[in-house]
Amino acid sequence: MEEKKTSTKVKLGYGIGAVGKDMVYMLSASYILYYYQDLLKVPAWIMGIILLAARVFDAFNDPIMGVIVAKTKTKWGKFRPWLLIGTLINAVILYFMFACPVNLSGSGLVAYAAFFYIMWGVTYTMMDIPFWSMVPALTDSGKERESLSAFARSAAGVGSALITIITMLTVTKLGTIFGNGVTDSNSIEIIGFKYFALIVAVIFAIFTIITCLSIKENPTTDMETASVKDMFKALIENDQAMIIVATIVLVNTAIYFTSNLLIYFFKYDLAGANWKGDYTLFNTFGGGMQIIAMMLLFPLMRKFLNTYKMFIVSIVSSMFGYLVLLALSLLGVTSVYVFFVPAFFIFGAVGVINVLITIFLANTVDYGELKNNRRDESVIFSMQTFVVKLASGLSAFLASLTLQIFNISEDENAISAIAGSSVIGLRMTMTLFPMIGLIIAVILYVKKFTLDDDKIAEISAKLRRK
């Protein structure tokens, strides 16, 4: 029987939702530490604890939300109601998270940051779980399902890249417009983040509404749910899933760690009056490279390499990029255009890896079905949301420790006033630590991961015969 094609309307509608969803996620993941630690002066170690604790809480929150969604029955389906409700609440929380009252200080400021960040995570889960879980309700199984998932992941990458590119210059512009004559750069950024978060929140809500109006769920689709126990049981019984999940955590922690510290590198190391422009220019190139890698570089590489080798090449590429980044910073290079060289290798690798991760997880599902006579598709893919959040929390915690150890924060008198030893510490940490994580990841992958293209073809043939 010929597989039913997913309509263009459904694909575009679903992709638009992914763009808005990851715009919100990237704003929180990349700038929450900077906003509260550097601008509002919450101690770095306290922010690290808050960010990590929220991710640990998610370990229990995600499965509970999965159960709630699975038990939902409405005339609009089980996924769309939670997608819409979660989005609207999360959009409001996002705004308040970046609209902290200026008169708060001390324990009140810490309590505000902790409350809204944890609530942001809870409400993001409320919409993220149904968003990715609804794919089987929108498509037939097989290539169409994989195609829709891959398209949505690419669209999500576009959303992430947009935030990476436009945030700081837009924040400064909005802060200047709504600052009513405020000239202090710190205050301008605080005001700018408030209005930028409002704009992103509105876009998020509009894009999700478009998604809900563009798709129609298959009412007979059941959603399998998994408890924390189910997740770990599925991983323990599926050694290849365990290896790839551990690899994802290592790779994402390394990449997110750098993205958390990158703004400090431009602000305090390269410094200069136009650091925001240089930071934006660097991110524009890097974000564009990431999108190109997902859309064009991946299919091009796929013609010459199997997915197993593509991953190794991507990791080696990113490590080379980090080496170049370290060398340039130690040599005292200040031209942002020269830093495009490491950005090419790092961001390009990240784009390819993002696509590969989805493929690898799908392959471990087939492997698990053959090995255990049980298809843990929902369990394995539910881990993806959790491990991304876990990597985000770990990287933010480690980044906050770096800021605390090297005493990196804005001086009242000058942006470039941090000690030379702090600058060296920042350079070394933001490059060598990710490289260590990537080396461990590639060793683990090469020694333990066996699902290359030939092995997957063999598994698929056996499953068809069964």
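Of the 466 residues that make up the protein, 56% count as buried. The structure is a predicted model, and its secondary structure consists of 15 helices and zero strands. The surface that the protein exposes amounts to about 19,700 Å², of which carbon and sulfur atoms supply 67%. Among contacts with a sequence separation of 6 or more, 83% are accounted for by residues 24 or more positions apart.

The interior was examined next. The largest nonpolar core contains 135 residues, and Tyr 36, Phe 98 and Tyr 264 are those with the most contacts inside it. These three residues also belong to one aromatic cluster, in which Tyr 31, Tyr 34, Tyr 35, Phe 193 and Tyr 268 take part as well. Beyond residues up to four places away in sequence, Phe 98 touches Leu 27, Tyr 31, Ile 32, Tyr 35, Phe 193, Lys 194 and Ala 197.

Phe 193, another member of the aromatic cluster, lies in helix H7, which covers residues 185-214. Its relative accessible area is 0%, so Phe 193 is buried. Apart from residues up to four places away in sequence, Phe 193 touches Tyr 31, Tyr 34, Tyr 35, Leu 39, Phe 98, Thr 167, Met 168 and Val 171. The C-alpha atoms of Phe 193 and Thr 172 are separated by 8.3 Å, and these two residues are 21 residues apart along the chain.

Aromatic pairing was then considered for the protein as a whole, and the count comes to 35 aromatic pairs. One of these pairs is formed by Phe 360 and Tyr 445; the pair is tilted, with 5.8 Å centre to centre and 40° between the planes. Because Phe 360 lies in helix H12 and Tyr 445 in helix H14 (residues 420-448), the pair ties together parts that are 85 residues apart in sequence. Phe 360 and Tyr 445 are both buried.

Helix H14 also holds Thr 429. Thr 429 has a relative accessibility of 18% and therefore counts as buried, since the term applies under 20% relative accessible area. When neighbours within four places in sequence are left aside, Thr 429 is in contact with Phe 257, Thr 402, Phe 406 and Pro 434.

A further buried position is found in helix H9 (residues 239-270), where Asn 252 lies. Asn 252 counts as buried because its relative accessibility is 8%. With neighbours within four places in sequence set aside, the contacts of Asn 252 are with Val 388 and Ala 391. Asn 252 and Val 350 are 98 residues apart in sequence, whereas the C-alpha to C-alpha separation in space is 9.0 Å.

Two helices were compared with the span expected for their number of residues. Helix H4 (residues 106-133) has 28 residues and reaches 41 Å from its first C-alpha to its last, which is close to the 40 Å expected at 1.5 Å a residue. H4 nevertheless contains a kink of about 25°, centred on Thr 125. Helix H15 (residues 453-465) has 13 residues, which should span 18 Å at 1.5 Å a residue; the end C-alpha atoms of H15 are 19 Å apart, in agreement with that value. Within H15, the residues Ile 456, Ile 459, Ala 461 and Leu 463 are buried. The buried residues of H15 pack against helix H12 (340-372), the helix in which Phe 360 lies.

Two partly exposed positions complete the description. Lys 41 is found in the loop between helix H1 (8-39) and helix H2 (44-71). Its phi is near 70°, a positive value in a residue other than glycine. With a relative accessible area of 42%, Lys 41 is partly exposed. Ile 49 is found in helix H2 and is likewise partly exposed, with a relative accessible area of 44%. Although Ile 49 and Phe 397 are 348 residues apart along the chain, their C-alpha atoms are separated by 6.5 Å.

Definitions and conventions
Residues are numbered from 1 along each chain as its sequence is written. This is a predicted model: local features need pLDDT of at least 70, side-chain atom pairs count only at pLDDT 80 or more; totals for chains, interfaces and linings use all residues. Side-chain values use heavy atoms; hydrogens and water are left out. A nonpolar core is a set of buried Ala, Val, Leu, Ile, Met, Phe, Trp, Tyr and Cys residues joined through side-chain atoms within 4.5 Å. Buried means under 20% relative accessible area, exposed over 50%, partly exposed in between (1.4 Å probe, protein chains only). Contact means heavy atoms within 4.5 Å. Helices (H or I, at least four residues) and strands (E, at least two) are DSSP runs, numbered from the N terminus. The expected span of a helix is 1.5 Å times one less than its number of residues. The bend at a residue is the angle between axes fitted to the seven residues ending there and the seven starting there. Accessible areas come from the Shrake-Rupley method with a 1.4 Å probe; for residues, only the protein chains shown count as cover. Rings of Phe, Tyr and Trp (its six-membered ring) pair if their centres lie within 6.5 Å; planes under 30 degrees apart count as stacked, over 60 as edge-to-face and the rest as tilted.
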